[in-house]
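Q: I want to learn to read local features from a fold. Where should a tutorial start?

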Amino acid sequence: MSDEIAELEAQQALLALRHFTYDDAWTLGTLLVELARERHAPVAIDIRRGAQQLFHCALPGSSADNDAWIDRKRRVVERYGESSFLVGARFRAKGTTFEQSSRLDPDRYAAHGGSFPITVEGAGVIGSVTVSGLPQAEDHALVVEALERLKGAPGRL
């Protein structure tokens, strides 16, 4: 197992939350917007619990293409229960790509960084948080940073 895969798996384990409410979705979404604005990042942000979209924001410089990428990356999280970046890394570690070996339609699924499972302790994966608009490693890192801040806030998750 590569160091990258081990790090991505550890992130998911550490970022499991005690709960995730509608208010938590709002807090996470607005935190992502603040971080993206500070960096002038042209991103779109999406947070889902099951099939319900709880938060969506498109910042200047993003486009409808980012929404399409969000949908494709989110479907990977829904199918695998792991971050889209981790799923892609696992295929790369096997010397192939997700597109070549997953047998899934690349117009509907993209194992590119930026979508992360929302995991609740005792319940498992209950949703996803996705960012699109930056290179995949940066999309992933932005989501992880926001989840770390949310989880680390006093009295929070």
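A: Start with the element names: helices (H or I, at least four residues) and strands (E, at least two) are DSSP runs, numbered from the N terminus. With that, His-40 can be placed in the loop between α2 (22-38) and β1 (44-49). This is a predicted model, where local features need pLDDT of at least 70 and side-chain atom pairs count only at pLDDT 80 or more, while totals for chains, interfaces and linings use all residues. Residues are numbered from 1 along each chain as its sequence is written, and side-chain values use heavy atoms, with hydrogens and water left out.

Q: What is notable about phi of His-40?
A: Phi is near 55 degrees, a positive value in a residue other than glycine. Arg-103 also has a positive phi, near 65 degrees, and is not a glycine. Its place is the loop between α5 (98-101) and β3 (115-120). For a glycine example, take Gly-95, just after α4, with a positive phi of about 80 degrees.

Q: Are His-40 and Arg-103 buried or exposed?
A: Use relative accessible area: buried is under 20%, exposed is over 50%, and partly exposed is in between (1.4 Å probe, protein chains only). His-40 is exposed because its value is 72%. Arg-103 is at 81%, so it counts as exposed.

Q: Which residues of α4 are buried?
A: They are Ser-84, Phe-85, Leu-86, Val-87, Gly-88, Ala-89 and Phe-91. That is seven of the 10 residues, so α4 is largely enclosed by the rest of the structure. For packing, use contact, meaning heavy atoms within 4.5 Å. The buried residues of α4 pack against α1, α3, α5, β3 and α6.

Q: Where is Asp-139, and what does Asp-139 touch?
A: Asp-139 sits in helix α6 (residues 136-152). It is buried because its relative accessibility is 2%. Not counting residues up to four places away in sequence, Asp-139 touches Val-43, Lys-73, Gly-113, Gly-114, Val-131, Ser-132, Gly-133 and Leu-134.

Q: How far is a polar atom of the Asp-139 side chain from the backbone nitrogen of Leu-134?
A: First, the rule. A polar contact is a pair of N or O atoms within 3.5 Å; within protein, one must be able to donate a hydrogen and the other to accept it, and residues adjacent in sequence count only if both atoms are side-chain atoms. Here the distance is 3.0 Å.

Q: How many salt bridges are there?
A: The test is a side-chain nitrogen of Lys or Arg within 4 Å of a carboxyl oxygen of Asp or Glu. By this rule the count is nine. One of them joins Glu-4 and Arg-92, with the closest N and O atoms 4.0 Å apart. That pair links distant parts of the chain: Glu-4 is in helix α1 (residues 3-14), Arg-92 is in helix α4 (residues 84-93), and they are 88 residues apart. Glu-4 is partly exposed at 35%, and Arg-92 is partly exposed at 36%.

Q: Why do residues three or four places apart in an α-helix point the same way?
A: An α-helix has 3.6 residues a turn, so such residues share a direction. Arg-74 and Glu-78 lie four residues apart in helix α3 (residues 64-80), about one turn of the helix. Their side chains meet in a salt bridge at 2.8 Å, N to O. Arg-74 is buried at 8%, whereas Glu-78 is partly exposed at 46%.

Q: Which residues are linked in a network of salt bridges?
A: Glu-9, Glu-82 and Arg-90 form it.
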